[in-house]
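I opened my notebook to get to know a new structure, one small lookup at a time. Here are my entries, for anyone meeting it along with me.

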There are 2 protein chains.
Amino acid sequence: MPRSVAAQVEQRLNSLTKPTGSLGRLEEMVVHYCRIKGNPMPPMPRKGMFVFCGDHGVTEEGVSAYPREVTRQMAANFEGGGAAINVLCRHYAIDARFVDCGIGRPTRNLVREPAMTPAETAESIALRRRMAREAAEKFDAAGIGEMGIGNTTPAAALFSVFAGLPPSQTAGRGSGLDNRMLLHKIAIIEKAIALHQPDAANPMAVLAALGGREIAAMTGFILGAAHTGLAVVLDGFIVCTSALVAWRIDPTCLNNAIFSHCSAETGHGRLLDHLGVTAYFGFGMRLGEGSGAAVMLGLLDTALRLYREMATFEEAKVAERVQ
Amino acid sequence: MPRSVAAQVEQRLNSLTKPTGSLGRLEEMVVHYCRIKGNPMPPMPRKGMFVFCGDHGVTEEGVSAYPREVTRQMAANFEGGGAAINVLCRHYAIDARFVDCGIGRPTRNLVREPAMTPAETAESIALRRRMAREAAEKFDAAGIGEMGIGNTTPAAALFSVFAGLPPSQTAGRGSGLDNRMLLHKIAIIEKAIALHQPDAANPMAVLAALGGREIAAMTGFILGAAHTGLAVVLDGFIVCTSALVAWRIDPTCLNNAIFSHCSAETGHGRLLDHLGVTAYFGFGMRLGEGSGAAVMLGLLDTALRLYREMATFEEAKVAERVQ
């Protein structure tokens with residue numbers, strides 16, 4: 001019977017000149033990545049980063065520390081190469097793509113009406129499903145990030161509905177709300193959920209009522225990447241909310257997902273727990289844009305280089321353990 | 001009054017196009033490094049790695065999972081480029097130096113007699129003080145690592161004496177002891193401390209009785225680097241034990257030290273607490289060789305590139321917070 005990829009990878013890891021398991025999380029990354037690729041010795045990954053950008057009508061309720069115009073301004077910053085994600089992608093040799101999901105055309109205000117129509121939602125998903133399948137031809141690992149002023153509000157609303165948690169447990173400070181504004185944001189989410197009475201058993205309808213275009217796009221990308229062999233490296237709270245929606249649509253779709261970091265946004269750790277997954281690191285980041293996913297892709301390169309280039313005990317003529 | 005370097009760095013960090021503080025630990029690294037360099041915009045660091053290797057007579061007591069010959073074999077592996085630290089230094093563009101501190105000439109067995117004479121100890125320290133001062137001419141940041149079969153035993157003994165902790169709280173599994181061997185190792189350390197009755201107020205004498213040549217060498221390097229402006233990036237438990245000895249000799253010597261990671265070796269977290277410092281990450285590594293320090297140097301490069309290359313709100317014409 002052929003051994004599993006994970007067993008082959010572990011055998012090689014244990015043959016390398018180091019105490020067994022002594023590279024800790026770096027060894028786990030190698031096993032995880034090779035298992036996703038179905039290859040015990042994959043080439044160094046061709047790395048992409050997809051940053052989905054959208055605007056949100058709910059910003060008119062004053063739920064963000066920054067004005068809505070910042071979405072467009074930050075998109076211009078991405079084009080100019082001056083944002084955090086540009087620097088990280090240059091540093092780690094990641095090919096970055098910025099995906100316009102309706103910048104300047106905000107979704108409707110979810111506290112008054114459904115954010116998107118069912119048709120808009122389905123279209124966003126279908127479009128980015130195709131994008132993921134194309135990405136799988138070009139890249140071995142793709143980070144997913146987002147940027148959209150106000151988008152922690154729909155993300156927390158979606159998490160609340162699917163996990164059955166009150167907004168006080170899913171909403172956080174986003175880009176930096178004070179206590180008063182955080183309470184206001186929680187009240188807005190409560191009001192939106194009371195208005196739409198969403199049914200968690202119908203994830204497409206929940207996404208239409210409470211989501212946003214970039215959240216739908218990332219949901220589509222995750223669904224499209226599933227079963228292609230592309231390793232999908234997820235960033236923070238909003239990206240993981242898209243993963244939650246995708247998971248409710250297709251419970252097998254996260255088999256190729258790598259959860260990079262646990263961010264400082266309040267709901268993120270709870271969301272990772274809800275998904276039953278563990279992130280690889282926690283540096284207290286809460287920037288979005290795919291920044292945590294980019295750092296993860298850098299660490300994955302480090303881990304894979306160790307795995308590929310270290311000498312074995314036999315090659316280096318180093319004695320193995322005595323006990 | 002001129003503003004402090006830290007205040008200048010924080011002002012620039014807060015002017016960059018991201019929510020305030022949203023790069024988490026990466027921002028802390030930038031402030032820390034710039035403060036050490038006394039420069040609010042230091043150049044990208046020229047990076048060195050010094051791996052101190054030595055042999056220990058106490059291995060004849062069976063305190064390690066690997067035979068003593070492995071020290072020499074691993075030193076040959078370093079020369080051949082096949083060890084973890086070689087791969088990491090190539091990957092992160094770190095200039096690696098391997099320092100022979102008596103490979104094949106083990107210290108005396110500390111459970112029977114003092115490991116080193118006072119003269120040997122002083123000589124090791126003086127020699128590597130000079131090495132650190134030379135390193136400060138060539139590098140901006142230097143990692144410190146070690147390799148020496150058996151060296152977690154003297155390290156735990158030293159930590160026990162200086163912190164007044166029983167060996168059961170300072171000794172760990174090293175390169176992979178089972179429960180029975182760990183209990184044996186603890187008993188050996190207890191016996192050594194009972195034999196020498198070391199006086200924590202005389203750190204040079206404690207180091208001679210219970211230390212090792214690479215531990216003395218790293219102590220000297222840390223003392224020599226102090227007040228030169230060289231940023232010293234410390235690796236795991238054994239390196240931090242040298243930092244503890246150095247700190248007992250000169251309480252100001254850690255002002256330029258960066259504690260990279262908290263390893264999986266039992267005593268390391270407790271030792272960091274004892275020193276009153278916080279490590280930047282914990283990936284469950286316990287390999288030694290400077291491996292955690294190398295990953296830290298890689299993350300420091302990432303953090304500094306973000307700091308240097310990100311656009312400010314003004315440059316990118318992005319609006320600042322509304323509240």
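How much area do chain A and chain B bury between them, and what share of it is on carbon and sulfur atoms? I noted about 4700 Å² for the pair, with 62% of that on carbon and sulfur atoms. A reminder to myself: this is a predicted model.

**Entry: the two copies**

I laid chain A on chain B, and the RMSD came to 0.0 Å after a turn of 180° and a shift of 0.0 Å along the axis. The two copies are therefore related as by a two-fold rotation axis. I then looked for the residue of chain A that comes closest to this axis, and found Phe281(A), with its C-alpha at 4.0 Å. Both copies use the same surface, as 100% of the contact residues of chain A recur in chain B.

**Entry: the interface**

I looked up the contacts next: 58 residues of chain A touch 58 residues of chain B. How many salt bridges does the rule find across the interface of chain A and chain B? I wrote down 2. One that I looked up joins the side chains of Glu309(A) and Arg90(B), at 2.9 Å from N to O. For polar contacts across the interface, the rule finds 22 residue pairs, both partners at pLDDT 80 or more.

Which helices of chain A each supply at least two residues of the side that touches chain B? My list reads α2, α3 (69-80), α4 (84-91), α12 and α13 (313-316). The largest share comes from α12(A), with 8 residues.

**Entry: helix α2 of chain A**

I picked α2(A) for a closer look. This helix runs over residues 25-37, which makes 13 residues. From first C-alpha to last I have 18 Å, close to the 18 Å expected at 1.5 Å a residue.

Why is α2(A) called largely enclosed by the rest of the structure? The reason is that 10 of its 13 residues are buried, which here means under 20% relative accessible area. Among the buried ones I jotted down Leu26(A), Met29(A), Val30(A), Val31(A) and Ile36(A). Arg25(A), Glu27(A) and His32(A) are on the buried list too.

What do these buried residues pack against? I found two helices of chain A, α1 (5-15) and α12 (291-309), along with the strands β3 (141-147), β4 (231-234) and β5 (257-259). So that I remember where the helix stops, one last note: just after α2(A), Gly38(A) takes a positive phi of about 65°.

How values were computed. Residues are numbered from 1 along each chain as its sequence is written. Chains are lettered from A and ligands numbered from 1 in the order in which they are written. This is a predicted model: local features need pLDDT of at least 70, side-chain atom pairs count only at pLDDT 80 or more; totals for chains, interfaces and linings use all residues. Side-chain values use heavy atoms; hydrogens and water are left out. Helices (H or I, at least four residues) and strands (E, at least two) are DSSP runs, numbered from the N terminus. The expected span of a helix is 1.5 Å times one less than its number of residues. Buried means under 20% relative accessible area, exposed over 50%, partly exposed in between (1.4 Å probe, protein chains only). Contact means heavy atoms within 4.5 Å. Copies are superposed by least squares on the C-alpha atoms of residues with pLDDT of at least 70 in both. Buried area is the accessible area (1.4 Å probe) that two parts lose on being put together, summed over both. A salt bridge is a side-chain nitrogen of Lys or Arg within 4 Å of a carboxyl oxygen of Asp or Glu. A polar contact is a pair of N or O atoms within 3.5 Å; within protein, one must be able to donate a hydrogen and the other to accept it, and residues adjacent in sequence count only if both atoms are side-chain atoms.
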